[in-house]
Amino acid sequence: MEFTVTPRRALIVYLHSMKQVRQLKRFGTIQYQSRKMHYVVLYLDETQVQPATAKLKKLNFVRRVEPSYRPDVDMNFGERVDRGFFKPQNDDDEDDD
């Protein structure tokens with residue numbers, strides 16, 4: 001038996017009321033819920049994102065659904081630092097005086 005990593009993605013589900021949070025468990029794993037801001041972070045497999053998003057938008061207690069863009073962002077910042085993407089700021093260069 002070989003272990004394979006399945007790609008997963010988070011969905012941020014904004015709700016009108018937090019009473020129906022338990023109904024979201026059938027779509028995926030609830031990672032975090034904010035009672036003050038009325039949203040839930042839901043993790044599910046990458047292949048299930050599109051069908052689950054369509055089903056979640058049809059629910060009457062869901063305000064909106066947004067996918068997480070973290071898997072799409074390149075997290076290798078070492079090459080960008082070497083190319084000069086991040087430039088250090090010097091406090092010595094003051095033009096006001």
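Which residues form a nonpolar patch on the surface? In this predicted model, the patch consists of Tyr69, Val73, Met75 and Phe77. The legends below begin with this patch and continue with the aromatic, ionic and strand contacts.

**Figure 1. Nonpolar surface patch formed by Tyr69, Val73, Met75 and Phe77.** Together, the four residues present about 410 Å² of accessible area. One of them, Met75, belongs to the loop between β4 (62-67) and α2 (78-83). The relative accessible area of Met75 is 44%, and the residue is therefore classed as partly exposed.

**Figure 2. Tilted aromatic pair of Tyr14 and Tyr39.** The structure contains two aromatic pairs. In the pair shown here, the ring centres of Tyr14 and Tyr39 are 5.9 Å apart and the planes meet at 50 degrees, so the arrangement is tilted. Distant parts of the chain are linked by this contact: Tyr14 belongs to strand β1 (residues 8-15) and Tyr39 to strand β3 (residues 39-45), with 25 residues separating the two in sequence. Tyr14 has a relative accessibility of 21% and is thus partly exposed. Tyr39 is likewise partly exposed, its relative accessible area being 22%.

**Figure 3. Aromatic cluster of Tyr14, Tyr32 and Tyr39.** A tilted pair is also formed by Tyr32 and Tyr39, with 6.0 Å from centre to centre and 50 degrees between the planes. Tyr32 is partly exposed, at 44% relative accessibility. Through ring pairs, Tyr14, Tyr32 and Tyr39 become linked as a cluster.

**Figure 4. Arg64 between an aromatic face and a carboxylate partner.** Arg64 is positioned over the face of Tyr14, at a distance of 4.1 Å from the ring centre. Arg64 also takes part in a salt bridge with Glu66, in which the closest N and O atoms are 2.9 Å apart. Both partners of the salt bridge are partly exposed: Arg64 has a relative accessibility of 41%, and Glu66 has one of 31%.

**Figure 5. Salt bridge between Arg8 and Asp45.** Side chains of opposite charge can pair when their charged atoms come close. Four salt bridges are present in the structure. In the one shown here, the side chains of Arg8 and Asp45 meet at an N to O distance of 3.0 Å. Arg8 is part of strand β1 and Asp45 is part of strand β3; the contact therefore ties together parts of the chain that are 37 residues apart in sequence. Arg8 is partly exposed, with a relative accessible area of 38%. Asp45, at 24% relative accessibility, also falls in the partly exposed class.

**Figure 6. Salt-bridge network of Arg9, Glu46 and Asp72.** Asp72 and Arg9 form a salt bridge whose closest N and O atoms are separated by 3.1 Å. Asp72 is found in the loop between β4 and α2, whereas Arg9 is found in strand β1, so this bridge ties together parts that are 63 residues apart in sequence. Are the two partners buried or exposed? Asp72 has a relative accessibility of 54% and counts as exposed because this value is over 50%. Arg9 has a relative accessibility of 9% and counts as buried because this value is under 20%. Salt bridges link Arg9 and Asp72 with Glu46 in a network.

**Figure 7. Antiparallel pairing of strands β2 and β3.** Strand β2 (residues 29-34) is joined to β3 by five bridges, and the two strands run antiparallel. Within this pairing, Gln33 is placed opposite Val40 of β3. The strands make up a hairpin in which four residues lie between β2 and β3.

**Figure 8. His38 in the turn of the β2-β3 hairpin.** His38 is located in the loop between β2 and β3. Although His38 is not a glycine, its phi is positive, at about 60 degrees. His38 is partly exposed, and its relative accessible area is 28%.

How values were computed:
Residues numbered from 1 in each chain as written. Predicted model: local features only at pLDDT ≥ 70, side-chain atom pairs only at ≥ 80, totals over all residues. Heavy atoms only, no water. Phe/Tyr/Trp six-rings, centres within 6.5 Å; stacked < 30°, edge-to-face > 60°. Buried < 20%, exposed > 50% of the residue type's maximum accessible area, 1.4 Å probe, protein only. Lys NZ or Arg CZ within 6 Å of the ring centre and 35° of its normal. Patch = residues over 30% accessible without salt bridge, like charges linked within 9 Å, V, L, I, M, F, W, Y side chains within 5 Å. Areas by Shrake-Rupley, 256 points an atom, 1.4 Å probe, with all protein chains shown as cover. Pairing = 2+ DSSP bridges.
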